[in-house]
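Subject: Structure for your review

Dear colleague,

Please find below the structure that I am handing over to you. The notes after it set out what was found, and I would ask you to read them with the model open.

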Amino acid sequence: MITGELRNKIDRIWETFWTGGITNPLDVIEQFTYLLFIKQLDEVETTKENEANFLGVPYQPMFPADCQKYRWSKFKNLGSADEMYETMLNGVFPFIKNLHQDGESAYSKYMGDAIFKIPTPAMLTKIVDGIDQLDLGEEDSKGDLYEYLLSKVATAGTNGQFRTPRHIIKMMVNLVKPNPGDIIIDPAMGSAGFLIEAQTYLREEHADLFLDEAKRNHFNNDMFYGNDMDRTMLRIGAMNMLLHGVDNPNISYRDSLSEQNSDEEKYSLVLANPPFKGSLDYEAVSADLLKIAKTKKTELLFLALFLRILKKGGRGAVIVPDGVLFGSSKAHKQIRQEIIEKNKLDAVISMPSGVFKPYAGVSTAILIFTKTGNGGTDKVWFYDMKADGLSLDDKRQEVSENDIPDIISRFNNLEAESERKRTEQSFFVPVEEIVSNNYDLSINKYKEVVYEKVEYEPTEVIMGKIEAIEAEIQNEFAELKKLLSV
């Protein structure tokens, strides 16, 4: 998370927006993001130019010769505030709005109505100087910055707009291992963190896909899908994907739970951390989802959605609040039964409540499942995550304890888990036992705790010690009374 000097720098930039008259937090985030995007676009361009020069290959620049002056490294050094403002207003901003001019891409779709709202040259100069001093070299730092900005939005807690920590996303992606043929969706995408991590995994583990024209076209045009109901998040997500080299992600302004979402058996992989609470237009919820779980709880409706939109054989790795695992309502039991008996539940990874601090203290778990349509769950792997490499308080500082490498290693070698005992951190539970427990998936239902026998001294010995202490207290008290009476 953002701490120390970086947090102070961001706060100063935020204050500049605020004192300059931009007081709507979402407007601040949006304008902040445009400028960050312009800066990062220049950094990406510089990296690609250097790589092309090193390899001795031609490079088609994003910034044509007549637009070089729109690069961050150029316009930030313009002589006067008025010149910088004029260049931004009539050059740089129109340039980024029209990067993809086909009108069909997610980027052009959601940048088309983008508005530059910074009102004065002096204010723009201060903000540009502030952003230029931000060191955001690590990918996680960029995600943390968005998380910190979102924490300032009064509605963030209501609408569930908080970022899933990057290391948790990375773990989930490494558990399901996306492949070049996958069609991947996050139906509540936010700033596209899951999609970004999935494309990063594919670049690292399947770099040869870019040598095959059909696979490369699939990667750029038909692999990544994301829905959200916040146009600011859609713009951020579209910019994020473009910066990471995905030319045309399929990002839609859509309520994934409503009738307007008719997707069915379309995707092979779902990666998501859907909102656990917030407003829900129950009347607009798709009837297909209500057949599986008649409820107003978004976390249950999203699970029903995942099962509908996945192809047969498709996988899901999704975060749910603990209540989903053991809730006793009819809807809770229905959705668990649907996953366990009609599909294949592979794993339940219980996470400590501090994972989402300081923005939420809810206990959560990761469900990993495969859509089959005809069952297949014979046993479920449970893992009790106790540490994620960061302290579980609001500070979230790095610590040595980290179960994530162990989780990935064990999940990739489940055959070796069959002999693990219920007293250990991971173990299998047969499906018959889960069914007999009302489909309860809370790990504490099945985990066995070994209590060490504590040997105490005989009662008469303990009483003797108490009496000796009491006598000593009385003696000391008598001495004190003598001293006070002198």
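How many bridges join strand β6 to β8, and do the two run parallel or antiparallel? Strand β6 (residues 344-351) is joined to β8 by four bridges, and the two strands run parallel. Please keep in mind throughout that this is a predicted model.

Strand β8

Strand β8 covers residues 379-384, and five of its six residues are buried. On the β6 pairing, Ala347 stands opposite Trp381 of β8. Strand β8 is also joined to strand β11 (residues 426-430), here by five bridges, and these two strands run antiparallel. In that pairing, Phe382 has Phe427 of β11 as its bridge partner. As you look along the strand, one general point may help: in a regular strand the side chains alternate between the two faces of the sheet.

Aromatic pairs

A pair of aromatic rings is described by the distance of the centres and the angle of the planes. The count for this structure comes to 15 aromatic pairs. One of them is formed by Tyr225 and Tyr267, with 5.2 Å from centre to centre and 65° between the planes, an edge-to-face arrangement. This pair links distant parts of the chain: Tyr225 is in strand β2 and Tyr267 in strand β4 (residues 267-272), 42 residues apart. Tyr225 and Tyr267 are both buried.

Phe382, already met in β8, takes part in a pair as well. Its ring centre is 5.5 Å from that of Tyr446 and the planes stand at 50°, so this pair is tilted. Because Phe382 lies in strand β8 and Tyr446 in the loop between α18 (431-436) and α19 (459-485), the pair ties together parts that are 64 residues apart in sequence. Phe382 and Tyr446 are both buried. Elsewhere, Tyr34, Tyr85, Phe93 and Phe116 form one aromatic cluster.

Salt bridges

Side chains of opposite charge can pair when their charged atoms come close. A search of the whole structure finds 20 salt bridges. One of them joins Asp42 to Arg71, with the closest N and O atoms 2.6 Å apart. Here too distant parts of the chain are linked, since Asp42 is in helix α2 (residues 25-55) and Arg71 in the loop between α2 and α3 (72-75), 29 residues apart. Both Asp42 and Arg71 are buried.

Arg71 also forms a salt bridge with Glu49, and in this case the closest N and O atoms are 2.9 Å apart. Glu49 lies in helix α2 and Arg71 in the loop between α2 and α3, so this pair ties together parts that are 22 residues apart in sequence. How exposed are the two partners? Glu49 is partly exposed, with a relative accessible area of 23%, whereas Arg71 counts as buried at 6% relative accessibility.

Two further findings belong here. Arg254 and Asp263 meet through their side chains in a salt bridge of 3.0 Å, N to O, and both residues are buried. In addition, a network of salt bridges links Asp406, Arg410, Glu417, Arg420 and Glu424.

A buried charge without a salt bridge

Which side chain of opposite charge is nearest to Asp403? It is Lys386, at 7.1 Å, and Asp403 is buried yet has no salt bridge. A salt bridge requires the nitrogen to be within 4 Å of the carboxyl oxygen, so a distance of 7.1 Å does not qualify. Asp403 is placed in the loop between β10 (398-402) and α17 (404-411). The side chain of Asp403 does make a polar contact of 2.9 Å with that of Gln425. Beyond its neighbours within four places in sequence, Asp403 is in contact with several residues, including Tyr383, Asp384 and Lys386.

Helix α11

Helix α11 (residues 213-221) has His218, Phe219 and Asn220 buried. The buried residues of α11 pack against α10 (193-205) and β2 (224-228). At the start of α11, a side-chain oxygen of Asp212 comes to within 2.9 Å of the backbone nitrogen of Ala214.

A residue in the loop after α2

Val57 lies in the loop between α2 and α3 and counts as partly exposed at 43% relative accessibility. Val57 and Lys170 are 113 residues apart in sequence and 32 Å apart in space, C-alpha to C-alpha.

With kind regards

Key:
Residues numbered from 1 in each chain as written. Predicted model: local features only at pLDDT ≥ 70, side-chain atom pairs only at ≥ 80, totals over all residues. Heavy atoms only, no water. Buried < 20%, exposed > 50% of the residue type's maximum accessible area, 1.4 Å probe, protein only. Pairing = 2+ DSSP bridges. Contact = heavy atoms within 4.5 Å. Polar contact = N/O pair within 3.5 Å; in protein donor to acceptor, adjacent residues only side chain to side chain. Lys, Arg positive; Asp, Glu negative; His and termini not counted. Phe/Tyr/Trp six-rings, centres within 6.5 Å; stacked < 30°, edge-to-face > 60°.
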